[in-house]
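With the structure open in your viewer, please follow the selections below in the order in which they are given. Each stop names what to pick and then says what is found there.

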Amino acid sequence: MSVVKRPSPKAKWYIPGILTGLKITIKHMLFNLASRKDMITVQYPEEKFQYSDRFKGNHILTVKKDGSLRCTACMLCATHCPAECISITAAEHDDPEVEKYPISYEIDILRCVFCGYCEEACPVDAIRMGPEHQTAAPAGDNFIYDITKLAYRAENKGGVLSKVDDQERHKRGL
Ligand code: SF4
Ligand code: SF4
């Protein structure tokens, strides 16, 4: 049996709550005015917060040594994505050593929840979450990131090399 307790007459009286709130606000305001150098406010965008190396920011499609995409269009990332924001179109590759590759790979970044499941699901280190977090853009801008944006944007300086080495994999018969 659940017993619902009626609020006491004192709890219904809201002025003590307001005064407590004001006391906390004034305490912080006086502390910040007296010791400005200890304030933790970051003056963005002039100052930028340094996130940890494990921060999951904007996606990067990694490349092989020859600059081509590492992705084999296996669809594991798209299958695991909880926001269903990855769409891939696969095609046969001319090289018989490579089974498939993506002719189109798109992420709808406004639907992405930056969970990192795509990065975890990828068996060949073809997608990573990078350190960039500033996705703001003017209204009407394209928030569907394609291969050019994901793999070859200026910030990636020509492409981020995958940690997976093809020759090493072939040597080991993987
Ligand atoms: S980070 Fe999560 S939501 Fe975003 S594309 Fe990857 S799996 Fe989907
Ligand atoms: S990024 Fe990785 S998991 Fe996604 S399709 Fe390409 S190879 Fe597969």
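Select Leu61 and, setting aside residues up to four places away in sequence, display what Leu61 touches: Leu69, Cys71, Tyr105, Ala126, Ile127, Ile147, Leu150 and Ala151. The model in which you see these contacts is a predicted one. Several of these names return when the selection is widened to the largest nonpolar core, a set of 18 residues in which Leu61, Cys71, Ile127 and Leu150 touch the most other members. To see where this core draws its residues from, colour strand E1 (59-61), strand E3 (100-108) and helix H5 (147-152), which are the elements that give two or more residues to the core.

Keep Cys71 selected and move on to ligand 2, since Cys71 is among the residues that come nearest to this ligand, together with Cys74, Leu76, Cys77 and Cys122, out of 13 residues around it. If you colour that shell by class, 12 residues appear as nonpolar and 1 as polar, while no charged residue is present.

Next select ligand 1, which also has 13 residues around it, with Cys81, Cys112, Cys115, Tyr117 and Cys118 coming nearest. What classes of residue make up the shell around ligand 1? The shell of ligand 1 holds 12 nonpolar residues and 1 polar residue, and charged residues are absent from it.

From the ligands, go to Ala91, which you will find in strand E2 (residues 86-92). Is Ala91 buried or exposed? Ala91 is exposed, because 11 other C-beta atoms lie within 10 Å, and a residue counts as exposed when that number is 12 or fewer. Beyond its neighbours within four places in sequence, Ala91 is in contact with Lys100, Tyr101 and Ile103. Draw a distance from Ala91 to Tyr101, C-alpha to C-alpha, and it should read 5.6 Å, although the two residues are 10 apart in sequence.

Finally, clear the selection and view the whole protein, which has 6 helices and 5 strands, arranged from the N terminus on as α-α-β-α-β-β-α-β-β-α-α. The protein is more spread out than a compact globule, because its radius of gyration is 25 Å, well over the 16 Å that the globule rule gives for 174 residues. Along the principal axes, the C-alpha trace spans about 80 × 55 × 40 Å. Of the 174 residues, 14% count as buried. Among contacts between residues at least 6 apart in sequence, 71% join residues at least 24 apart.

Conventions:
Residues numbered from 1 in each chain as written. Chains lettered and ligands numbered in written order. Predicted model: local features only at pLDDT ≥ 70, side-chain atom pairs only at ≥ 80, totals over all residues. Near = placed C-beta within 6 Å. Nonpolar A, V, L, I, M, F, W, Y, C, P; charged D, E, K, R; others polar. Helix = DSSP H or I, 4+ residues; strand = E, 2+ residues; numbered from the N terminus. Buried ≥ 20, exposed ≤ 12 C-beta atoms within 10 Å, placed from the backbone. Contact = placed C-beta atoms within 7 Å. Core = buried A, V, L, I, M, F, W, Y, C linked by C-beta atoms within 7 Å. Rg over C-alpha atoms; globule rule 2.2 N^0.38 Å.
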